[in-house]
Amino acid sequence: MRDNSDMYKANFLLVIFCLLPFLAAAQQERLRDENQIGWFVYNGDHALSRKWELHTEYQWRRVYWISEWQQWLARLGANYSVNDKITGGFGYTTLVTHPYGDYPIADKGVPYPEHRIYEDIQIADTVGVVTLGHRFRLEQRWISDIAPDGSRRIASWEYQNRIRYQIEATLPLQGRTVNNREFFVSFFDELFIGFGRNVDLNVYNQNRIYGGIGYQFRDNLSAELGYLNQITQHADPDPVSGNRVFEYNNGFRLSLNYNLDFRRY
């Protein structure tokens, strides 16, 4: 019995020893970087024909509400209407990230650029008076690596893939549909997942949740103001502690949607 007891103890210690790296990883502290954000967004889908639209977008993203840069983003694309419910799209995005927060992603102290190509499918649906939108977007990303010499020289580019899924809901506050000179509420949640080479541990990239109130001025013009929560995991751990860094950004999002019909010109 004594031999069996000693054997069980040895096996137990061996299992604990083998599990130590996993237990340590599970207990690894996450570093929190909390920021107050203010995002200003312009969107425009401009009709070129019965099926085709030109998509234009600009986002002016700030931290400490509006006082300092977080990012700016410009997007140009095209949408093709398959039918009343399904739209396909593709285009190009350029983005610049500035140093901000306690653990800046732009860890060289200067802004760095990123270029993307995207393809997406948008599906529209209704449930009662609620209009639902689903968007599946695939992105090919080229992220710059700034040289560590204090300049803004780009030493190299890193390629990554990312997929995004957004669900959006719009609810009219007057009647069963959103008409001109009427208010509505909107909500969306968007999940970002990285995959493929160079992603490493940054599979979960970020999540955004938004809820706000909007006003439809006329058929092609509306504005929204609401609360935005953004959780982002940094691709690289903190160089000092080696811990993973998560941003918890909260603030407002003000957007303007203005669509032109180029078929009239």
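"Buried" here means under 20% relative accessible area, "exposed" means over 50%, and "partly exposed" is whatever falls in between (1.4 Å probe, protein chains only).

**Figure 1. The whole chain, with its eleven strands closed into a barrel.** This is a predicted model, where local features need pLDDT of at least 70 and side-chain atom pairs count only at pLDDT 80 or more, while totals for chains, interfaces and linings use all residues. Residues are numbered from 1 along each chain as its sequence is written, and side-chain values use heavy atoms, with hydrogens and water left out. Of the 265 residues in the protein chain, 38% are buried. The chain has one helix and eleven strands; these are DSSP runs numbered from the N terminus, with helices being H or I of at least four residues and strands being E of at least two. Walk along the sequence and you meet α-β-β-β-β-β-β-β-β-β-β-β. The barrel order is β1-β2-β3-β4-β5-β6-β7-β8-β9-β10-β11, and the pairing is mixed. Two strands pair if DSSP finds at least two bridges between them. From one strand to the next, the twist averages 20 degrees (axes are lines fitted to C-alpha atoms, for helices over the stretch in contact, and angles run from 0 to 180 degrees between N-to-C directions). Take the contacts between residues at least 6 apart in sequence, and 55% of them join residues at least 24 apart; a contact means heavy atoms within 4.5 Å.

**Figure 2. Strands β4 and β5, side by side.** Strand β4 covers residues 86-97 and strand β5 covers residues 112-127, and the two pair in the antiparallel sense over twelve bridges. One spot to look for is Thr 94, whose bridge partner in β5 is His 115.

**Figure 3. Phe 188 and Tyr 210, a stacked ring pair.** The whole structure holds eleven aromatic pairs. Rings of Phe, Tyr and Trp (its six-membered ring) pair if their centres lie within 6.5 Å; planes under 30 degrees apart count as stacked, over 60 as edge-to-face and the rest as tilted. Phe 188 and Tyr 210 have ring centres 5.2 Å apart and planes at 20 degrees, so they are stacked. Because Phe 188 sits in strand β8 (residues 182-195) and Tyr 210 in strand β9 (residues 204-218), the pair ties together parts that are 22 residues apart in sequence. Phe 188 is buried at 7% relative accessible area, and Tyr 210 is buried at 1%. Over the ring of Tyr 210 sits the charged end of Arg 253, 5.4 Å from the ring centre. That label needs NZ of Lys or CZ of Arg within 6 Å of the ring centre and within 35 degrees of the ring normal.

**Figure 4. The largest nonpolar core and its Tyr 210.** A nonpolar core is a set of buried Ala, Val, Leu, Ile, Met, Phe, Trp, Tyr and Cys residues joined through side-chain atoms within 4.5 Å. The largest one has seven members: Ile 37, Trp 39, Val 63, Tyr 100, Phe 188, Tyr 210 and Leu 228. Leaving out neighbours within four places in sequence, Tyr 210 has contacts that include Ser 186, Glu 224, Gly 226, Leu 228 and Arg 253. In soluble globular proteins, nonpolar side chains tend to be buried together.

**Figure 5. A separate core that includes Ala 106.** Apart from the largest core lies another of five residues, among them Ala 106, Tyr 112, Ile 143 and Ile 146. Ala 106 is in the loop between β4 and β5 and counts as buried at 3% relative accessibility. Not counting residues up to four places away in sequence, Ala 106 touches Thr 97, His 98, Pro 99 and Tyr 112. Ala 106 and Ile 146 are 40 residues apart along the chain, with 8.7 Å between their C-alpha atoms.

**Figure 6. Ser 255 in strand β11.** Strand β11 spans residues 245-258. Ser 255 counts as buried, at 3% relative accessibility. Beyond residues up to four places away in sequence, Ser 255 touches Val 41, Ser 222, Ala 223 and Glu 224.

**Figure 7. More rings: a cluster, and a charge over Tyr 118.** Phe 40, Trp 60, Trp 69 and Phe 252 are linked into a cluster by ring pairs. Elsewhere, Arg 75 lies over the face of Tyr 118, 5.7 Å from the ring centre.
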